[in-house]
Amino acid sequence: IDLQANIELPKDFDAVRAVGASAVGLYRTEFLYMNREQPPDEEEHLETYREVLHALGNTPITIRTLDLGADKQPNGGRRRDGPVTANPALGLRAVRLCLKEQSLFLPQLRAILRASALGPVRLLIPMLSNLQELDQILKIVEAIRAEFCAKAIAFDPKMPIGGMIEVPAAAVCADVFAQHLDFLSIGTNDLIQYTMAIDRVNDEVNYLYDPLHPAVLRLIHRTIEAGEGANRPVAMCGEMAGDPRYVRLLLGLGLREFSVHPAALLEIKRIINSSRVDVLKPMARQALQSRSGAEVYALIDQFN
Ligand code: PEP
Ligand code: MG
């Protein structure tokens, strides 16, 4: 069982080193775009990734391409004349924004490819909801690779490309995505909000935010099974993976890669090391057949 870390800023590096996480399962890059007028250029991206690779030695780093929009509003990438939308969580964000505003995205993508020549880098695409988006991304990557080959710019042609499963449509069709990706990473923060149809930053409905809702569990389980079927690793990088209450349930559901907040690394490691997967499988099966989150909560309580 693989324990990985979610990081964003240099202050996270020490924790990752101290606990010896096997990889960075999620490196959020939105901070690069915040509090500034102009988005970062290719060299600034590359320099940032070079520093992370250097700080973390040979630890694989999963760099997530920018996930701006909705709860993460940019300055450096603001669409000044952009329309006001009533439901930004359902709007132009993450991969949708990347494909529409390629001037924000291309410098980052090129820098990630260049960084892959400097150390173990993986590319992670957020918010995929259909295969066309993925096809477009893969085409762009192909074009950059061709250009780099022609110009003798170094990159790793085998850099793994993964997708976040955080939209219910992607979870339901995870088997399809798994065939075109090297790995999957379940983003429960968004998967839960979209499955429950609640805005995760809206206080009035966040009582409905329930990681244990059987619908959420079934989508998670389906994604894990899709990965197994296609022989692709499946990680979870949403907060759920780093919550001590849910670790055993996730183990029972078949999750083998946990990517968690650095502060949670030790505790999650302790729980994993004191768990027996064979006992947890039947429990997870029962959870999938439960009628409510409350029922699942009572069930997992006995194992925690
Ligand atoms: C998630 O949605 O679970 C996730 C890890 O991404 P973010 O919280 O950055 O949207
Ligand atoms: Mg997300």
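## Strands that pair

Two strands count as paired here if DSSP finds at least two bridges between them. With that in hand, take a look at β3 and β4 in this predicted model. Strand β3 covers residues 61-64, and together with β4 it forms a parallel pair with four bridges. Within this pair, I63 sits opposite L123 of β4.

Strand β3 has a partner in β2 as well: β2 (residues 23-27) runs parallel to β3, and two bridges join them. Here I63 turns up again, as the bridge partner of Y27. To get from β2 to β3, the chain passes through helix α2 (residues 42-55), in a right-handed β-α-β crossover.

Strand β4 also pairs with β5 (residues 161-165), again in the parallel sense, this time over three bridges. One residue to look for is I125, whose bridge partner in β5 is G163. Helix α5 (residues 131-151) joins with β4 and β5 in a right-handed β-α-β unit.

## How covered are these strands?

In a regular strand, side chains alternate between the two faces of the sheet. Which residues of β3 lie on each side, and are they buried or exposed? I61 and I63 are on one side, T62 and R64 are on the other, and all of them are buried, so both faces of β3 are covered. It is worth finding R64 in the viewer, as this arginine is among those buried residues.

Strand β4 (residues 121-125) is mostly covered too, with four of its five residues buried.

## The magnesium site

Which residues coordinate the magnesium ion, ligand 2? They are E166, through OE, and D190, through OD, at 2.0 to 2.1 Å. E166 comes from the loop between β5 and α6 (168-172), while D190 belongs to helix α8 (residues 188-196), so the pair ties together parts of the chain that are 24 residues apart in sequence. Both E166 and D190 are buried.

## Helix α8 and its surroundings

The helix that supplies D190 is mostly covered: eight of the nine residues in α8 are buried. The buried ones are T188, N189, D190, L191, I192, Q193, Y194 and M196. What covers them includes α6, β6 (183-186), α9 (214-230) and β7 (234-236). Right after α8 comes A197, with a positive phi near 55°.

## Positive phi in the loops

Most residues other than glycine have a negative phi. Two loop residues are worth a look with that in mind. N35 has a positive phi, near 55°, and is placed in the loop between β2 and α2. With a relative accessibility of 69%, N35 counts as exposed.

A152 is not a glycine either, yet its phi is positive, at about 55°. You will find A152 in the loop between α5 and β5, where it counts as exposed because its relative accessibility is 70%.

## Two more places to visit

L9 is in the loop between β1 (2-7) and α1 (11-19). Is L9 buried, partly exposed or exposed? A relative accessible area of 32% makes L9 partly exposed. L9 and L208 are 199 residues apart along the chain, and their C-alpha atoms are separated by 31 Å.

Towards the other end, Q302 is found in the segment after α13 (293-301). Q302 counts as exposed, since its relative accessibility is 62%. Between Q302 and E239 there are 22 Å in space, C-alpha to C-alpha, and the two are 63 residues apart in sequence.

## The chain as a whole

Stepping back, the secondary structure of the protein chain comes to 13 helices and eight strands. Its C-alpha atoms fill a box of roughly 60 × 45 × 35 Å along the principal axes. A compact globule of 304 residues would have a radius of gyration near 19 Å, and the 19 Å of this chain agrees with that.

Of the 304 residues, 53% are buried. The protein chain exposes about 13600 Å², and 51% of that comes from carbon and sulfur atoms. How much of the contact between residues at least 6 apart in sequence joins residues at least 24 apart? In the protein chain, the share is 70% of those contacts.

Conventions: Residues are numbered from 1 along each chain as its sequence is written. Chains are lettered from A and ligands numbered from 1 in the order in which they are written. This is a predicted model: local features need pLDDT of at least 70, side-chain atom pairs count only at pLDDT 80 or more; totals for chains, interfaces and linings use all residues. Side-chain values use heavy atoms; hydrogens and water are left out. Buried means under 20% relative accessible area, exposed over 50%, partly exposed in between (1.4 Å probe, protein chains only). A crossover is right-handed if, with the strands pointing away from the viewer, the path from the first strand over the helix to the second runs clockwise. The radius of gyration is taken over C-alpha atoms; the globule rule is 2.2 Å times the number of residues to the power 0.38. Contact means heavy atoms within 4.5 Å. Accessible areas come from the Shrake-Rupley method with a 1.4 Å probe; for residues, only the protein chains shown count as cover. Donors are N, O and S atoms within 2.8 Å of the metal (3.2 Å for Na, K and Ca); water is not among the atoms, so sites may look incomplete.
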